[in-house]
Amino acid sequence: MPFITDIKTFAALGSGVIGSGWVARALAHGLDVVAWDPAPGAEVALRKRIANAWPALQKQGLAPGASQDRLRFVPTIEECVRDADFIQESAPERLDLKLDLHAKISAAAKPDAIIGSSTSGLLPSEFYESATHPERCVVGHPFNPVYLLPLVEIVGGRKTSPEAIEAAKSIYTSLGMRPLHVRKEVPGFIADRLLEALWREALHLVNDGVASTGEIDDAIRFGAGLRWSFMGTFLTYTLAGGDAGMRHFMAQFGPALKLPWTYLPAPELTDKLIDDVVEGTSEQLGEHSIAALERYRDDTLLAVLEAVKTSKAKHGMAFSD
Ligand SMILES: NC(=O)C1=CN([C@@H]2O[C@H](COP(=O)(O)OP(=O)(O)OC[C@H]3O[C@@H](n4cnc5c(N)ncnc54)[C@H](O)[C@@H]3O)[C@@H](O)[C@H]2O)C=CC1
Ligand SMILES: C[N+](C)(C)CC(=O)CC(=O)[O-]
């Protein structure tokens, strides 16, 4: 069956951090958005988050007709998805909850509407088990802030059709994103495997009293973090091998892989470790509110994205290369 790819109406289920990011992105792309979230006060919180994101989206450039007024908040799942051309679920990360929710969403949705889940690492074969027309169900894993970061990992389950993967790629691209098809259905997909390894080591460093949370963040943001926005680890290390490239790099630094530089198992999340992390990060926050820091992050990220785009163009590359 051909799937809808020319989408006019976007349905968002769950409007927390990630759901509201999707709503902001879809509105900025000139779509009508219908949202549902069962929490009391969810509509007010959603509209507030969108207003906070809007200045960054205006700076980036809104699609013709884009407006925050094109958001409609509805009281039921069925009303949310009934007329939608595309559906994105961003509910809490619980298998039982997503299983039940997707049975309801897919039963009420148009049969040719693609359904995406924002899950960070649950397996689509498991939580789409009871879905109607599971061949159109995918994972579309975004990154925070969803309205600015382009990456979206697309993962199919056992019953997902190759046509649905292609349709999902086309839809996310039309929303200004850079889809990455994760070809094997593995927990954590690609990006979170990498991010979780870094996160685990960072917790060990705090737990061992080697560095504070602020020092660890400095080690990222003044170093590799800056280059990661335009060059991944493999290419970076190829250049680190000099003219002889990766082979020399491997010969020189390969033996270091046997040194005890990392702890693969995660540390126990003891009360002390949690307290150290919470206290360290609240010191880093200082007097700044979360909303103010989000605006700061958005401005800065836009500047980095613009700089990367300009430099790529100078070297004959497209932004997505
Ligand atoms: N926070 C993050 O950094 C990222 C989260 N994700 C994924 O996005 C999804 C949502 O996560 P967040 O937005 O961070 O969580 P959140 O806790 O900020 O928001 C979840 C929202 O879902 C609502 N909700 C509760 N029960 C529900 C139900 N039965 N059906 C629909 N909505 C319900 C809650 O009221 C809340 O507004 C999760 O699957 C998570 O793994 C993906 C990428 C990054
Ligand atoms: C912490 N997290 C696993 C939910 C993070 C993500 O999934 C992606 C991100 O934005 O870092």
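These legends go with several close-up views of one predicted model.

**View 1. The two annotated stretches of the chain.** Let's start with what the UniProt record says. In an unreviewed entry, UniProt places "domain: 3-hydroxyacyl-CoA dehydrogenase NAD binding" at residues 11-185. That span is 38% helix and 20% strand, and its end C-alpha atoms lie 25 Å apart. UniProt also places "domain: 3-hydroxyacyl-CoA dehydrogenase C-terminal", again from an unreviewed entry, at residues 188-256. Try finding a strand in residues 188-256 and you'll come up empty: the chain there is 72% helix and 0% strand. The end C-alpha atoms of residues 188-256 are 26 Å apart.

**View 2. The neighbours of ligand 1.** Ligand 1 has 23 residues around it, and the closest are G16, I18, A39, A91 and S120. Two elements each give two or more residues to this shell, namely α1 (17-28) and α4 (95-108). The biggest giver is α1, with three residues. Sort the shell around ligand 1 by class and you get 11 nonpolar, 10 polar and two charged residues.

**View 3. The neighbours of ligand 2.** Here the residues to look for are S120, F143, N144, D192 and L195. By class, the shell around ligand 2 splits into two nonpolar, two polar and one charged. You've met S120 before, as one of the closest residues to ligand 1.

**View 4. Two backbone spots worth a second look.** N144, one of the residues around ligand 2, is joined to P145 by a cis peptide bond, with omega at about 0°. To find P145, look in the loop between β6 (137-141) and β7 (151-156). The other spot is H133, which sits in the loop between α5 (124-127) and β6. H133 isn't a glycine, yet its phi is positive, near 55°.

**View 5. Helix α7 on its own.** With 17 residues, α7 reaches 24 Å from its first C-alpha to its last. That's close to the 24 Å you'd expect at 1.5 Å a residue. Just after α7 comes G209, whose phi is positive, about 70°.

**View 6. Helix α7 crossing helix α11.** The axes of α7 (residues 191-207) and α11 (residues 271-285) come within 10 Å and cross at roughly 100°. The two helices are therefore roughly perpendicular to each other. On the α7 side, L203, V206 and N207 make the contact, and they meet L273, D276, V277 and G280 of α11. Four of these contact residues are nonpolar, two are polar and one is charged. A handy thing to remember while looking along a helix: there are 3.6 residues a turn in an α-helix, so residues three or four places apart point the same way.

**View 7. Helix α8 against helix α11.** Now swap partners: α8 (residues 213-228) packs with α11 at an angle of about 65°, and their axes are 8 Å apart. From α8 come T213, G214 and D217, which meet V277, G280, T281, E283 and Q284 in α11. What's the mix of classes in the contact of α8 with α11? It has one nonpolar, five polar and two charged residues. V277 and G280 of α11 also meet residues in α7.

**View 8. Helices α9 and α10.** The axes of α9 (residues 233-240) and α10 (residues 245-253) come within 7 Å and cross at roughly 85°. So these two helices are roughly perpendicular to each other. Y237, T238 and A240 of α9 make the contact with G245, M246 and F249 of α10. Four of the residues in this contact are nonpolar, two are polar and none is charged.

Definitions and conventions: Residues are numbered from 1 along each chain as its sequence is written. Chains are lettered from A and ligands numbered from 1 in the order in which they are written. This is a predicted model: local features need pLDDT of at least 70, side-chain atom pairs count only at pLDDT 80 or more; totals for chains, interfaces and linings use all residues. A residue is near a molecule or strand if its C-beta atom, placed from the backbone, lies within 6 Å of it. Ala, Val, Leu, Ile, Met, Phe, Trp, Tyr, Cys and Pro count as nonpolar, Asp, Glu, Lys and Arg as charged, and the others, Gly among them, as polar. UniProt positions are given in the numbering used here, feature names are shortened, and annotations may be inferred rather than shown by experiment. Helices (H or I, at least four residues) and strands (E, at least two) are DSSP runs, numbered from the N terminus. Axes are lines fitted to C-alpha atoms, for helices over the stretch in contact, and angles run from 0 to 180 degrees between N-to-C directions. Angles under 35 degrees count as roughly parallel, over 145 as roughly antiparallel, 65 to 115 as roughly perpendicular and the rest as oblique. Two residues are in contact if their C-beta atoms, placed from the backbone, lie within 7 Å. The expected span of a helix is 1.5 Å times one less than its number of residues.
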